[in-house]
Amino acid sequence: MMNTMILLSAAPAAETELSLWDMILKGGWLMIPIFLLSLVAVYIFFERFRLLRDASRLDPQLMENLRGCLLSRNLLQAHALCRADNTPAARMLDKGLHHLSLPAAELRAIMENAANREIAEMERGLNTLATCSGMAPMLGFLGTVIGMIQAFYDMALAGNNINITLLSRGIYTAMVTTVAGLIVGIIAHFAYNLLTARIDRVAARLEATLGDFLETVHETRNTQI
């Protein structure tokens, strides 16, 4: 009997695994706004990514087809081509087709305004995404401060009977919220930079398309003289 008791006392304590859900719960109420920020960031990223993926495509034959329409003075067909493509570049070109009679400088200004409106539409939501990337780590650090306050408060109540179990509540809050906030912030920041880079590429393509269109207009005007 004595040997059995010794063996039982020497047996290692059963290990308890901390699940992800338990870890989230130990983070406290600050995990709720961090989680909401992550949902907002994910939604904005995928919604904008899909829009930019469609906006970045451009029919390589569109400009050549427009050139043929302008040379034959078939503006109805030119408008139809732009509306069928339905991309930011095509909408900018369609705007230019409505003002072909204007001087080149005024035509460029009108088309640049159209391009700027397209870029502004593509950038919609990016400020919110940037806010998520900045707010999530700040909430995490707030959790760190609150957790430390809880830990010191528990120490003060315990007096001379301090042990790690008493401090675990505050330490969990401090560590879990910090990790969660940093993860959300890093992902949101990466998503913001990725979307910004894609918008810059689309803007560069708009500028190149604008130059090609003005060159085509100049060529057709000289041909018709």
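Analyst: Let's start with a term: a disulfide is a pair of cysteine sulfur atoms within 2.5 Å. The model above is a predicted one, and it holds zero disulfides.

User: How do you know that C69 is in no disulfide?

Analyst: Look at the distance. For C69, the nearest cysteine sulfur is that of C82, 8.7 Å away. A disulfide needs the two sulfur atoms within 2.5 Å, so 8.7 Å does not qualify. Starting from C82, the nearest cysteine sulfur is that of C69, again 8.7 Å away, and C82 is in no disulfide either.

User: Why is C82 called buried?

Analyst: A residue counts as buried when its relative accessible area is under 20%. C82 has 2% relative accessibility, so the word fits. C69 passes the test too, because its value is 7%.

User: What makes H79 count as buried or exposed?

Analyst: The cut-off for buried is under 20%, and H79 stands at 11% relative accessibility, so H79 is buried. You will find H79 in helix α5. Leaving aside residues up to four places away in sequence, H79 touches D94, L97 and H98.

User: Which residues of α5 are buried?

Analyst: Helix α5 spans residues 75-85, and its buried residues are A78, H79, C82 and D85.

User: How do you know whether they sit on the same side of α5?

Analyst: By the arc they cover around the helix axis. The arc is only 130°, which means that these buried residues lie on the same side of α5. On the other side, L76, R83 and A84 are exposed. The cover over the buried residues of α5 includes α4 (62-71) and α6 (88-97). One more detail to look for: just after α5, N86 takes a positive phi of about 50°.

User: Why is E121 called partly exposed?

Analyst: Partly exposed is the range between buried, under 20%, and exposed, over 50%. E121 has a relative accessible area of 35%, so it falls in that range. E121 belongs to helix α7, residues 104-122. Try finding L51 as well: E121 and L51 are 70 residues apart in sequence, while their C-alpha atoms are 10.0 Å apart in space.

User: And what about L39: what does its relative accessibility make it?

Analyst: Its value is 45%, which is not over the 50% needed for exposed and not under the 20% needed for buried, so L39 counts as partly exposed. L39 lies in helix α3, residues 31-55.

User: What makes L39 eligible for a nonpolar surface patch?

Analyst: Among the requirements is a relative accessible area over 30%. L39 has 45%, so L39 meets that requirement. Together with W29, I32, F35 and L36, L39 makes a nonpolar surface patch of about 570 Å².

User: How many helices and strands are there in the whole chain?

Analyst: The protein chain has nine helices and zero strands. Read from the N terminus, the order of elements is α-α-α-α-α-α-α-α-α.

User: What share of the chain is buried?

Analyst: Of the 225 residues in the protein chain, 34% are buried. The accessible surface is about 14000 Å², with 65% of that belonging to carbon and sulfur atoms.

User: And what share of the contacts joins residues at least 24 apart?

Analyst: Take the contacts in the protein chain between residues at least 6 apart in sequence: 78% of them join residues at least 24 apart.

Definitions and conventions
Residues are numbered from 1 along each chain as its sequence is written. This is a predicted model: local features need pLDDT of at least 70, side-chain atom pairs count only at pLDDT 80 or more; totals for chains, interfaces and linings use all residues. Side-chain values use heavy atoms; hydrogens and water are left out. Helices (H or I, at least four residues) and strands (E, at least two) are DSSP runs, numbered from the N terminus. Buried means under 20% relative accessible area, exposed over 50%, partly exposed in between (1.4 Å probe, protein chains only). The arc is that of the directions from the helix axis to the C-beta atoms. Contact means heavy atoms within 4.5 Å. Accessible areas come from the Shrake-Rupley method with a 1.4 Å probe; for residues, only the protein chains shown count as cover. Patches are made of residues with over 30% relative accessible area and no salt bridge: like charges are joined within 9 Å, nonpolar side chains (Val, Leu, Ile, Met, Phe, Trp, Tyr) within 5 Å. A salt bridge is a side-chain nitrogen of Lys or Arg within 4 Å of a carboxyl oxygen of Asp or Glu.
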